[in-house]
Amino acid sequence: MRHKLLMLGTAVVMALQIGSGQAQDKKTLAIVVKGLDNPFFEQINLGCKKWMSENADSEYECLYTGPASSADEAGEVQIVDDLLTRGVAAIAISPSNAPAMANRIRQISPSVPVMTIDADFLEEDRDLRATYLGTDNYLMGVKMAEEAAKLKPDGGSVCLQLGNVAADNINARAQGFRDTAGGEKGIDRLAGQGGWTEIDGCPVFTNDQADLANQQMADTFIANPDLDAFILVGGWAQFAPQAYTQVTDQVMDKLKSSELIIVAGDTLPPQTKAFREGRSHAQVGQRPFEMGYRAPDVMIQLINGESVDDPLYTGLDVCNQEDPGFCADN
């Protein structure tokens, strides 16, 4: 535990030193993500870097950071705490554990603007942030259900794969899927509504870990040979291409015939490649690069006291077998 804390403290200090080393007199606009091990968040980092390259003369700099592991919820809270204590001009947070992060923000009561990015606080805690920049996650779940319905119009058995149990964005996607698939609002679990039934043992929670996501898929396929649909509410399993290939190799005949369908979130390069290989039937992609690129400007607007819309949605890209769209060339 002591070693882990030392590593965390070192990571925060290094991040701050890197930021200060770039320009001693610049003010920091911090983006804190759930974990640096997730390639989705690297796209946010690239957006942050592009903003930096285009705004070299700005009095502000964009600092991207987070815990080494997406499973380190406490580490993310500590990083936010350290950044606010040491002093930043504004901060954008993708909370892994929304209640825990909101609780710490409420305790600190920072004097600088706080916004959320990619993932939001729970509705009862949204007074703590000025705005949310990212995906309409409920709509993302709606789109996943629509894609599933095209392939399975009568419904069927389904397993939802989620991330962190307390992640507001993932839970919103699951709700959007259930409500749309079931044809009514507020469904806690699909039990025949719209023809869809969630199997025993599901949903499964990956805790944002790609290796666990693939193991869960493999176990589910073995235990449920008649499964009709597997929904990757986030792209975790596909973030480990070799493991995902091995898992889907075991059910490729079913995937080709659409006896079993896979609908997945996100459209990063390994995922679009898997889609083109027939290892998923649809991908519903977010726009993380845009999130990272826009976040510094939004934070500056907040610092300047300008009016900012809430929420700020970045849109979705849908790929399916009939219209590969974005996934055909990426």
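Me: Which residue forms a salt bridge with E277, the closest N and O atoms being 2.6 Å apart?

Reply: In this predicted model, E277 is partly exposed, with a relative accessible area of 35%. Its partner is partly exposed too, at 44%. The salt bridge at 2.6 Å joins E277 to K273.

Me: Which other salt bridge of E277 is described, and how far apart are the closest N and O atoms?

Reply: E277 also forms a salt bridge with R279. With a relative accessibility of 11%, R279 counts as buried, whereas E277 is partly exposed. The closest N and O atoms of R279 and E277 are separated by 3.0 Å.

Me: Which residues are joined into one network by salt bridges that share partners?

Reply: Side chains of opposite charge can pair when their charged atoms come close. Shared partners link several such salt bridges here into one network. Its members are D120, R126, R129, D168 and D310.

Me: Is D120, which meets R126 in a salt bridge, buried or exposed?

Reply: The side chains of D120 and R126 meet at 3.2 Å, N to O. R126 has 29% relative accessibility and counts as partly exposed. The limit for a buried residue is under 20%, and D120 has 6%. D120 is therefore buried.

Me: How many salt bridges does the structure hold?

Reply: The pairs discussed above include R126 with D120 and E277 with K273. They belong to a total for the structure of 19 salt bridges.

Me: Why is strand β2 described as largely enclosed by the rest of the structure?

Reply: Strand β2 covers residues 60–65. On one side Y60, C62 and Y64 are buried, and on the other E61, L63 and T65 are buried. The strand is largely enclosed because the number of its six residues that are buried is six.

Me: Which residue of β2 is the bridge partner of L29?

Reply: Strand β1, residues 27–32, pairs with β2 in the parallel sense over six bridges. Between these strands, helix α2 (residues 39–54) completes a right-handed β-α-β unit. The bridge partner of L29 in β2 is C62.

Me: Which cysteine forms a disulfide with C62?

Reply: The sulfur atoms of this disulfide are 2.1 Å apart. The torsion about the S-S bond is about -130 degrees, so the disulfide is left-handed. It links distant parts of the chain, helix α2 and strand β2, through cysteines 14 residues apart. The partner of C62 is C48.

Me: Where does C202, the disulfide partner of C159, lie in the chain?

Reply: C159 and C202 have their sulfur atoms 2.0 Å apart, and both cysteines are buried. C159 belongs to strand β6 (residues 156–162), and 43 residues separate the two cysteines. C202 lies in the loop between β7 (196–198) and β8 (204–205).

Me: Is the disulfide of C319 and C327 left-handed or right-handed?

Reply: C319 and C327 are both buried, and their sulfur atoms are 2.1 Å apart. The torsion about their S-S bond is about 85 degrees, so this disulfide is right-handed.

Me: What pattern do the disulfides of the protein follow?

Reply: The disulfides number three. They are C48 with C62, C159 with C202, and C319 with C327. With bonded cysteines counted along the chain, the pattern is 1-2, 3-4, 5-6.

Me: Which residue of β11 is the bridge partner of G265?

Reply: Strand β10, residues 261–265, is mostly covered, five of its five residues being buried. Three bridges join β10 to β11 (residues 282–285), and these strands run parallel. Together with helix α10 (residues 269–276), β10 and β11 make a right-handed β-α-β unit. The partner of G265 in β11 is V284.

Me: Which residue of β10 is the bridge partner of F230?

Reply: Strand β9, residues 229–232, pairs with β10 in the parallel sense over four bridges. Within β10, I262 and A264 are buried on one side. The bridge partner of F230 is I262.

Me: Which residues touch the most other members of the largest nonpolar core?

Reply: This core has 44 residues. One of its members, F221, touches L227, F230, V247, V251, L260 and I262, leaving aside residues up to four places away in sequence. Apart from this core lies another of 27 residues, among them F40, C62, A89 and M115. In the largest core, the residues that touch the most other members are F177, M217, F221 and I231.

How values were computed. Residues are numbered from 1 along each chain as its sequence is written. This is a predicted model: local features need pLDDT of at least 70, side-chain atom pairs count only at pLDDT 80 or more; totals for chains, interfaces and linings use all residues. Side-chain values use heavy atoms; hydrogens and water are left out. A nonpolar core is a set of buried Ala, Val, Leu, Ile, Met, Phe, Trp, Tyr and Cys residues joined through side-chain atoms within 4.5 Å. Buried means under 20% relative accessible area, exposed over 50%, partly exposed in between (1.4 Å probe, protein chains only). Contact means heavy atoms within 4.5 Å. A salt bridge is a side-chain nitrogen of Lys or Arg within 4 Å of a carboxyl oxygen of Asp or Glu. Two strands pair if DSSP finds at least two bridges between them. A crossover is right-handed if, with the strands pointing away from the viewer, the path from the first strand over the helix to the second runs clockwise. A disulfide is a pair of cysteine sulfur atoms within 2.5 Å.
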